[in-house]
Each structure stands twice: as C-alpha cells, then as structure tokens.
Amino acid sequence: MLKLWLFALPLVALAANPPEWSRPFPPHRIAGHIYYVGTEDLGCYLITGKSGHILLNTGLEDSPAMIAASIEKLGFKLTDVKILLTNQAHFDHVAGLADMQKMTGAKVFATPPDAPLIESGGKADPSGFTNYKPTKVDRILKDGDLIQLGEITLKTIHHFGHTPGSSSYETTITENGKKLNFLMVNMGSVVMPLTSPGYPNIVKDFRATFAHQKTLRPDIWVATHGSQYDLKEKFRTKNFLNGASYQEAVADYDKRFERQVKIELGQ
Ligand SMILES: [Zn+2]
C-alpha cells in the first residue's frame, strides 16, 4: 500500500500542473538585448551580451529542451549562457535548473534564503510542496548586489514573501536610442499559509516587498508567469512598453495579500 502511494504521488503532482506550463511559446525579443525563451506561461528570460548571456528561470523538468530550442532559434549559443538566475525556488521555475546547468556549464546565483532550497531540491522549502533535482549554488546574491557579465549589469532586489528568498532583477536597456528601465519582477502572490512555522517572517517580508515594489517605476516589466503581465497580448501586438500597468498590478497583489492576512490571521 505504502509503495503504491509513493509511486502515485509524482503522477498526481504532474497531473496538477496547468498544461500551459509545458506548452512551447514562440521565442522573441522583448526589447533591447532581452529575449523571451520561456514556455506558454513559465517566464524565462535571456539577457544577452557580447561576453555571454544570463538566463533567468528554467521552468519545469520538461522545460530545458524547449528553452534550449528557443535560445538556438533566436541565433544564440547555449554554451554562451554563463549565469543562471531564478526569481524564486519553486519547482515551476527551478525544476529545470539542474539540467540547464549541465547543458550550459553556467554558474548558478541565488539569494541567501533560496540557495538552500535549490541545493536541497526543495526539501528545505517551508511550503513543502516543491521538489526537484538539487543544484549547487555558486554565488549568493545580497539585496542590491550587482550581477555583471561584460556590458550587462543586473541589480538584485530581495522581494521575499512568495518564497523565503524570492527576488526581482532590474536593468537598463536601450530601445530605439532611448534608455529604459527593465524590471523582471517576482509578484507577491500568496501560495503558502501565512502561519507556516517554517517561515515566521512571511507577513513582515510580504509587507516590505509591496512597500518596495510600489517605489519602482519600470518602463517595461515582465514576471515569472506570462499571464501575470499579459504575455500573449504583448506578443500579439508587439507592444512590450507596459510600465503604465505596473503600479496597478502591484496594488492588486497587495490587496489580495491583505485579504488573506484578514482571513488567516484576523488582523
Ligand atoms: Zn511560486
């Protein structure tokens, strides 16, 4: 009986994933030197440069082949990916990390709280619902740390709450001769109980994240899930200049979080 149950568990987990997480999506340039290489809903971003590229997020275990095909279709080489990052250590954004690391030979960078999750394959995750192949983390990213690769500079921003170490990355791109602020944001959706004993600072972290996210003024923003920034519509209209919708999106996540605080904590 126990054996049967253990066998059935991964199948149940697989069946629960939305199909759009595993459907391919046309790779495309978003703006400047940043490209979309994710699946239909799992946002993966290639920040390209003459000295190599940075890949943000690696999707599910079945994503690396699709991501690799997208990178090559755009005319870039997989072995030119030198750094792998993630917005958060949930399985839908890092289960492909181990295989992608092997395919590229790239270094893996992560925030202090997300590094042990990645290195334990999700076992250290207080939400307990995430598991994937472990990957060694080569560099720990503190809040404000700059990630530099040739002419690319990304700023690490700790946006904890969604996971204990979820983060966003900010950079400047040039589009039609204009310098624009480009934000790859981890939106603060609540997916684990706010009373989780393994994450006592969760409410405090979420509030600090929303307070900080409200100070940002991106010209272009993208997120861990394509649906969070209307990827399909942006791709269809080829209009990625969506800065005007950012404040409203953050306020909406903040509202949903505070509603959840009331429900769970009665505050
Ligand atoms: Zn998540």
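**Reading a loop, a sheet and a helix**

Mentor: Let's start with a loop in this predicted model: Thr39 is found between β2 (34-36) and β3 (45-47).

Trainee: Is Thr39 buried or exposed?

Mentor: Residues under 20% relative accessible area are called buried. Thr39 has 1% relative accessibility, so Thr39 counts as buried.

Trainee: Which residues does Thr39 touch, leaving out those up to four places away in sequence?

Mentor: Thr39 touches Glu20, Trp21, Arg23, Phe25, Ser63, Met66 and Leu231. Closer along the chain, a polar atom of the Thr39 side chain lies 3.1 Å from the backbone nitrogen of Leu42.

Trainee: Now the sheet, please. What is the order of its strands?

Mentor: Strands of a sheet pair through backbone hydrogen bonds, either parallel or antiparallel. Here five strands form an open sheet in the order β8-β9-β10-β11-β12, and the pairing is mixed. At the edges stand β8 (146-149) and β12 (220-223), each with a single partner strand, so one side of each has no neighbour in the sheet. On average, neighbouring strands of this sheet are turned by 25 degrees against each other, direction ignored.

Trainee: How many bridges join β9 to β10?

Mentor: Four bridges join β9 (residues 152-158) to β10 (residues 167-175), and these two strands run antiparallel. For example, His158 has Ser167 in β10 as its bridge partner.

Trainee: And which residues are buried in α6?

Mentor: An α-helix has 3.6 residues a turn, so residues three or four places apart point the same way. In α6, the buried ones are Ile202, Val203, Asp205, Phe206, Thr209, Phe210 and Gln213. Seen down the axis of α6, they fall within an arc of 160 degrees, so they line one face of the helix. These buried residues pack against β10, β11 (178-185) and α8 (246-265).

Notes. Residues numbered from 1 in each chain as written. Predicted model: local features only at pLDDT ≥ 70, side-chain atom pairs only at ≥ 80, totals over all residues. Heavy atoms only, no water. Pairing = 2+ DSSP bridges. Axes fitted to C-alpha atoms, helices over the stretch in contact; angles between N-to-C directions. Buried < 20%, exposed > 50% of the residue type's maximum accessible area, 1.4 Å probe, protein only. Polar contact = N/O pair within 3.5 Å; in protein donor to acceptor, adjacent residues only side chain to side chain. Contact = heavy atoms within 4.5 Å. Arc of directions from axis to C-beta.
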